[in-house]
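Student: I should like to work through the packing and the empty spaces of this model. May we begin as soon as it is displayed?

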Amino acid sequence: MKVAITGGIGSGKSFVCERLHKFGITVYDCDEAAKRLMRTSVDIQKQLSDLIGTNVFVDGKLQKAALAAFLLHSKDNAQAINDIVHPAVAADFERSGYDYMECAILFDSGFINRVHIDKVVCVTAPRDVRVQRIVLRDDITPIKAQEWIDQQLSQNEVLKHSHYEIVNDGKCNIDVQIQKIINEISKTNK
């Protein structure tokens, strides 16, 4: 049974994945894998440099600001980056042996079509909570945080395509929700 954990930026997917570890579940992190592959794959580095420009890697190091500026410029730019990085991440996940993955833009980017996933868990949080989390985490303005949120599919749209929801609003008990989902997935996996 392959399970994807998704949700918009600032929803708390990573926190939920850390809690899953308490239940004996290790989660493949697509964002970390993408960063690792961009750091280590000469092929990906060449393709990104051809697409964005030679300023995206300086002395072999990814320049996040250059990547982000290109990415935020248009949805076509974001898709062009995804078309380079995502096939490598999908192949890496398939080889990893993990059953659970964390993927922020599972539906936005079409990543769901690159890997076999049986169940999708959407982590949700109110928009104001998400903005506050992003501002604190990334030390950016609330306006910039909202721009990042607006670049992704709406939380309601992601939820429509998901099998389960975990509400991560700082009030609801995450472990209770996780246990319920694990139990339901176990039943359907028999």
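Student: Against which elements do the buried residues of α4 pack?

Tutor: This is a predicted model, in which local features need pLDDT of at least 70 and side-chain atom pairs count only at pLDDT 80 or more, while totals for chains, interfaces and linings use all residues. Residues are numbered from 1 along each chain as its sequence is written, and side-chain values use heavy atoms, with hydrogens and water left out. The buried residues of α4 (buried is under 20% relative accessible area, exposed over 50%, partly exposed in between, with a 1.4 Å probe and protein chains only) are A66, L67, F70 and L72. With helices (H or I, at least four residues) and strands (E, at least two) taken as DSSP runs numbered from the N terminus, and contact meaning heavy atoms within 4.5 Å, these residues pack against α2, α3, β4 (61–62), α5 and α7 (142–151).

Student: Which element gives the most to the largest nonpolar core?

Tutor: A nonpolar core is a set of buried Ala, Val, Leu, Ile, Met, Phe, Trp, Tyr and Cys residues joined through side-chain atoms within 4.5 Å. The largest has 31 residues, of which M38, L48, V85, V89, M101, L106 and F111 touch the most other members. Two or more residues come from each of α2 (30–40), α3 (42–52), α4 (64–73), α5 (75–96) and β6 (119–124). The most, six residues, come from α5.

Student: Which residues does L106 contact, leaving aside its neighbours within four places in sequence?

Tutor: L106 is among the core members that touch the most others. Once those sequence neighbours are set aside, its contacts are A4, T6, M101, F111, I112 and V120.

Student: Why does the pair of Y28 and F93 tie together parts that are distant in sequence, and how many residues apart are they?

Tutor: Rings of Phe, Tyr and Trp (its six-membered ring) pair if their centres lie within 6.5 Å, and planes under 30 degrees apart count as stacked, over 60 as edge-to-face and the rest as tilted. Y28 and F93 are edge-to-face, at 5.2 Å centre to centre and 65° between the planes. Y28 is buried at 6% relative accessibility, and F93 is buried at 1%. Because Y28 lies in strand β2 (residues 27–29) and F93 in helix α5, the parts that the pair ties together are apart in sequence by 65 residues.

Student: Which helix gives the most to the lining of the largest cavity?

Tutor: On a 1 Å grid over the protein atoms alone, a cavity is a set of points where a 1.4 Å probe fits but cannot get out, and a pocket is an open set with protein on both sides within 12 Å along at least five of seven lines; lining residues have an atom within 4 Å of a point. The largest cavity has a volume of about 50 Å³, and its lining comprises I5, L20, Y100, V121, I166, I178, I181 and I182. Three residues of this lining come from the helix that gives the most, α9 (residues 174–188).

Student: Which residues lie closest to the centre of the largest pocket?

Tutor: This pocket has a volume of about 1,600 Å³. The largest share of its lining, eight residues, is supplied by α5. Of the 46 lining residues, those closest to the centre are I9, D31, L71, W148 and Q152.

Student: Is D59 buried or exposed?

Tutor: D59 is found in the loop between β3 (57–58) and β4. Although not a glycine, D59 has a positive phi of about 55°. Its relative accessibility is 76%, so D59 counts as exposed.

Notes:
Grid points are joined across faces, edges and corners, and a volume is the space filled by probe spheres set on the points.
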